[in-house]
Structure formats: structure tokens, C-alpha cells
Amino acid sequence: MVNVKELQKKLQEIAKMPREEQAKAADMLTEEEIEFIQKQQGASGEKPQCIFCKIAAHEIPAKVVYEDDFIMAFLDINPVNPGHTLVIPKEHYEVLPQVPPDRAALIMNTVRILSGAVFEAVDAQGATIMQNNGAVAGQAVPHVHFHVIPRFEGDKVKIDMKPIKLEEKQFEEIQKKIIEKARTKAEKKVVYDISGKPIEEKKEEKKPESTKKEKLIKIKSRIP
Ligand code: 5GP
Ligand code: ZN
């Protein structure tokens with residue numbers, strides 16, 4: 001049996017170390033502990049312990065409002081307004097840049113359908129569509145999802161965007177970089193993760209099976 005408290009302590013210690021040392025630090029973990037973490041993160045071929053994956057698989061209940069082979073939409077358990085709905089792909093992707101183009105199109109189309117359906121169902125006056133990527137952006141559930149939030153005059157929803165000052169030169173530099181990045185991604189049909197690293201889609205060369213510890217390090221570095 002894994003002592004979860006002890007494991008948490010070890011993981012906290014490892015997390016504090018510089019990334020290069022983290023690989024070696026995996027020696028601090030027993031095989032059993034590594035297996036436990038991989039199971040939690042869905043790396044051992046078993047289903048990830050992801051709440052939205054479980055909803056998508058009907059393993060835990062949700063107030064589902066739309067479902068097809070690839071997409072599900074259900075009411076948010078902590079709505080900010082009546083009708084607050086979440087739209088998810090049934091497959092597990094953490095953040096939007098990881099979603100393959102065809103799936104992204106299906107998700108967006110469902111968001112479009114739901115934004116109209118929710119609007120009419122609750123007699124709203126407007127709608128906010130929101131999508132957080134990464135903990136720093138406020139993503140609490142690491143399974144990509146769009147919020148469809150109906151809006152009403154005088155409601156309590158606050159999306160507090162305060163503009164910052166940028167020089168003309170900074171605007172231009174950023175514009176140039178984004179244009180280049182967007183063009184490459186659009187042409188090559190490569191999907192990128194949140195740190196800008198390309199993932200899957202490209203035919204990968206067959207690499208030798210990595211050891212459990214190597215896999216663990218790879219998984220850890222993917223956590224947003
Ligand atoms: P995030 O902050 O990640 O963008 O939003 C996650 C949303 O998922 C939150 O608004 C939260 O209320 C909702 N949520 C978290 N767990 C559950 C759940 O088990 N069921 C449902 N229906 N919504 C959930
Ligand atoms: Zn998931």
C-alpha cells in the first residue's frame with residue numbers, strides 16, 4: 001500500500017528541485033509509488049482519474065444537455081448564472097492547443113449551438129464564452145472545456161480585464177511573432193501544447209520503450 005501523505009511530501013520535495021535534477025530524483029520513489037502516480041495520471045493504459053472523462057463516460061452523473069459521439073455539454077455544478085453550461089470533447093485533452101483540428105471544429109460548432117440554445121432557454125440578454133488554459137489562467141479542471149455563460153443585465157459575473165500599456169514597437173514585434181507561429185501551425189497541421197512544443201499528429205519515429213521513471217518525468221512536465 002502506498003502511503004499517500006509520504007508520497008505527497010516526496011513529490012513536493014522533487015517539485016522544488018531544478019528540472020534537470022528531477023529526473024534523478026525519481027529514484028526517491030518506489031516502483032509502487034510510481035505505478036500509483038501513473039495510474040492517477042492515466043499513463044498506465046487505465047483511464048485517467050479525470051472528473052470530466054468520467055462525466056463523458058457516464059461514470060458520474062451530470063445534467064447533460066447535449067451529447068454526440070465526440071462532444072458532451074452539461075450544466076456547470078457551480079453556475080455563475082442559470083444555464084451556465086460546459087462543452088467538452090469526450091477524449092481527454094488538457095488544453096486547447098492539444099486538440100486536433102477536426103475535433104476543435106466540432107467543439108466550436110457545439111459551443112455555437114449551445115450558445116444559442118442556452119440563450120433562448122433561460123431568456124438571456126447576452127452570453128459570454130470563456131475557455132481557460134492552464135492553472136495560471138484559472139483552469140481548475142485539466143480537461144479542455146468551454147464555458148457558455150448566459151448574461152443578464154446587472155448580473156454578478158465579473159470578467160475583470162484591465163488593459164496594460166504596450167509601446168508601438170512591442171505591438172509590432174508580438175504581431176510578427178504570432179503571425180509566423182500561426183502560419184506554421186495552420187500549414188503543417190501540427191498541434192502544439194501550451195509551451196509551444198509540437199505533439200502527436202506528426203508521424204513519430206519509433207523510439208525504444210522508455211522506462212517507467214522516464215515516462216513519469218515526461219508526464220510531470222506536461223502538467224499545466
Ligand atoms: P475552470 O475553472 O477549469 O475553467 O472551470 C471548471 C468548471 O467546472 C467550474 O466552473 C466548476 O464549477 C465546474 N465543475 C467542476 N467539477 C464539476 C463536476 O463534477 N460537475 C460539473 N457539472 N461541473 C463541475
Ligand atoms: Zn479528462
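Helices (H or I, at least four residues) and strands (E, at least two) are taken as DSSP runs and numbered from the N terminus. The exercises concern a predicted model, in which local features need pLDDT of at least 70 and side-chain atom pairs count only at pLDDT 80 or more, while totals for chains, interfaces and linings use all residues. Residues are numbered from 1 along each chain as its sequence is written, and chains are lettered from A and ligands numbered from 1 in the order in which they are written.

**Exercise 1. Confidence and layout**

Determine what mean pLDDT the protein chain has, and in what order its elements run.

*Solution.* Begin with pLDDT, the predictor's confidence in each residue, from 0 to 100: its mean over the protein chain is 84, and 75% of the residues reach 70 or more. Next, note that over residues 217–224 pLDDT stays under 50. Where pLDDT is low, the predicted coordinates should not be read in detail. Finally, the protein chain has seven helices and seven strands, which from the N terminus on follow the order α-α-α-α-β-β-β-α-β-β-α-β-β-α.

**Exercise 2. The nonpolar core**

Identify which elements give two or more residues to the largest nonpolar core, and which residues Ile-88 touches.

*Solution.* A nonpolar core is a set of buried Ala, Val, Leu, Ile, Met, Phe, Trp, Tyr and Cys residues joined through C-beta atoms within 7 Å. A residue is buried if 20 or more other C-beta atoms, placed from the backbone, lie within 10 Å of its own, exposed if 12 or fewer, and partly exposed in between. The largest such core has 21 residues, of which Met-72, Ala-73, Val-87, Ile-88, Val-111, Leu-114 and Val-148 touch the most other members. Two or more residues come from each of helix H4 (51–56), strand E2 (71–75), strand E3 (85–89), helix H5 (101–121) and strand E5 (146–151). For Ile-88, contacts (C-beta atoms, placed from the backbone, within 7 Å) are made with Phe-52, Ala-56, Met-72, His-143, Val-144 and His-145, once residues up to four places away in sequence are left out.

**Exercise 3. Positive phi in two loops**

Establish where His-58 lies and where Asp-123 lies, and decide whether each is buried or exposed.

*Solution.* His-58 belongs to the loop between H4 and strand E1 (64–67), and its phi is positive, about 60 degrees, although it is not a glycine. Because His-58 has 11 C-beta neighbours inside 10 Å, it counts as exposed. Asp-123, in turn, is found in the loop between H5 and strand E4 (126–130), with a positive phi near 55 degrees. With 10 other C-beta atoms within 10 Å, Asp-123 is exposed.

**Exercise 4. Helix H6**

Work out how far helix H6 reaches from its first C-alpha to its last, and how many of its residues are buried.

*Solution.* The expected span of a helix is 1.5 Å times one less than its number of residues. H6 (residues 168–188) has 21 residues and reaches 30 Å, close to the 30 Å expected. The number of buried residues in H6 is zero, so this helix lies largely in the open.

**Exercise 5. The shell of ligand 1**

State which residues come nearest to ligand 1, and how the shell divides by residue class.

*Solution.* A residue is near a molecule if its C-beta atom, placed from the backbone, lies within 6 Å of it. Of the 13 residues around ligand 1, Ile-77, Asn-78, Asn-132, Gln-139 and Ala-140 come nearest. With Ala, Val, Leu, Ile, Met, Phe, Trp, Tyr, Cys and Pro counted as nonpolar, Asp, Glu, Lys and Arg as charged, and the others, Gly among them, as polar, the shell divides into eight nonpolar, four polar and one charged.

Technical notes
Two residues are in contact if their C-beta atoms, placed from the backbone, lie within 7 Å.
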